[in-house]
Amino acid sequence: MTSRDKPQEHPATRPFQGHPLMMGLARGEPMTAFGIRISRTPDIARLAKASGHHAIWVDLEHSTISLDAAGAICAAAHDLGLMALVRVPEREYGAIGRLLDAGASGLIFPRVETAEQAADLAAACRFPPHGHRSAIAALPQFGYRRLPAAETYRLANDTVVVNVLIESPLGIRNAEAIARVPGVDLVSIGTNDLSAELGVPGDYRHPLVQQALNDALAACTRAGKPLSIGGIADAALNAELLARGAAPFLMTGIDTDVLLASMQERVRGALAGHAAVAVRTSEPQAA
C-alpha cells in the first residue's frame, strides 16, 4: 500500500497538543477576542473571523441570548477556527454541558472566590475520570464522528478551556489556590466588578486595585497559570499590565459598544455632509 492509498488520519484521532489560542498565550503572542451581547446569529462569528479575531466570547451573564443561539454561534466559530468561549451566569450548572455539547470551546465562570468552587466548575466541564460531565456519543467539535467513548472523552477533556473570573477581594486572596486547581486553564480578573467591590468603582489606578492586580499576577506566576485582565479601557494601563506579566488575551470590544460607536460615527458623517452642502448653497452666486 502506498502512502496515497493509506486512509487519512482524522484530526480528532491524533493526540491533542493544546488549544492553539492557549498555546499562543503560553508563547506570549497577542490573542484577540470579540464579545457578543446582542447578536443572535452565526454571522457575528463570521465577522469576527473576517476582522482578524482569534476568539469570540458570548456573554450570557449580561444578556438574554438563548442557549440555542449561543450554541449556533459557537459551532460556527469552531468551524471557522476561532475559540468560542461562553460566559455563563454564576455557576449555572444546567448550562455547562449543553453549551459544550453544542460546540463551545470553553466556558468563562464569573465570581469564582475559592479553590473549591473552581474545582467543582472544572469537573463539570470534563468527563470521568477528571470530572462528571454527562456522557454523549458524538460532538460537533470532532465532526460528530462516533469514536470510542474513551477517545471522545479524552479529546474533549484535553481541548476544553476552563476560564475562571476573579472579581472580589476574597477571590484575590485565594488567587493562587484557585490557579493551582487542576483543570483550570486560564484565570482572569474582572476589573469593573473588582474595583466596585473594593469601594472604588472604575478607578483602575487606585492603589487598592493596583495592589489586587499585582497580588493576582504574582499568585498566577507562582502557580504557572496565565492571568488575563479585562474591563479596562485605558490603553496605557493595559500596556503597563502586559509589561507586568498579564497574559496578552486582548478584548477588542463587545458588539453593543462597536455598533454604538459605528452608528455615532455615521451620524457625525451625515451631519457633516449636510452642513457642507448647506454652506455651499448659502454662499452668494457669482454674477
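Contacts between residues 24 or more positions apart make up 64% of those with a separation of 6 or more in this protein, which is a predicted model. The chain has 287 residues, and 44% of them count as buried. Its secondary structure comes to 12 helices and 8 strands. Laid out along its principal axes, the C-alpha trace spans about 90 × 55 × 35 Å. As for the surface, about 14,500 Å² is exposed, with carbon and sulfur atoms supplying 57% of that area.

Turning to the pockets, the largest one holds about 790 Å³ of space. Its lining takes in 32 residues, and Trp57, Gly230, Gly231, Ile232 and Met251 are the ones that sit nearest the centre. By class, that lining splits into 16 nonpolar, 11 polar and 5 charged residues. Several elements chip in with at least two lining residues each: the strands β5 (161-166), β6 (186-190), β7 (227-230) and β8 (249-254), along with the helices α9 (191-197) and α11 (235-243). Of the contributors, β8 has the largest share, with 5 residues.

Elsewhere, Thr152 is worth a look of its own. This threonine is part of helix α6, which runs over residues 149-159. Thr152 counts as buried because its relative accessibility is 2%, and the cut-off for that label is under 20%. Leaving aside residues up to four places away in sequence, Thr152 touches Ile136, Ala137, Leu139, Phe142 and Leu147.

Key
Residues numbered from 1 in each chain as written. Predicted model: local features only at pLDDT ≥ 70, side-chain atom pairs only at ≥ 80, totals over all residues. Heavy atoms only, no water. 1 Å grid on protein atoms, 1.4 Å probe; cavity = no way out; pocket = protein on both sides within 12 Å on 5 of 7 lines; lining within 4 Å. Points joined across faces, edges and corners; volume = space filled by probe spheres on them. Helix = DSSP H or I, 4+ residues; strand = E, 2+ residues; numbered from the N terminus. Nonpolar A, V, L, I, M, F, W, Y, C, P; charged D, E, K, R; others polar. Buried < 20%, exposed > 50% of the residue type's maximum accessible area, 1.4 Å probe, protein only. Contact = heavy atoms within 4.5 Å. Areas by Shrake-Rupley, 256 points an atom, 1.4 Å probe, with all protein chains shown as cover.
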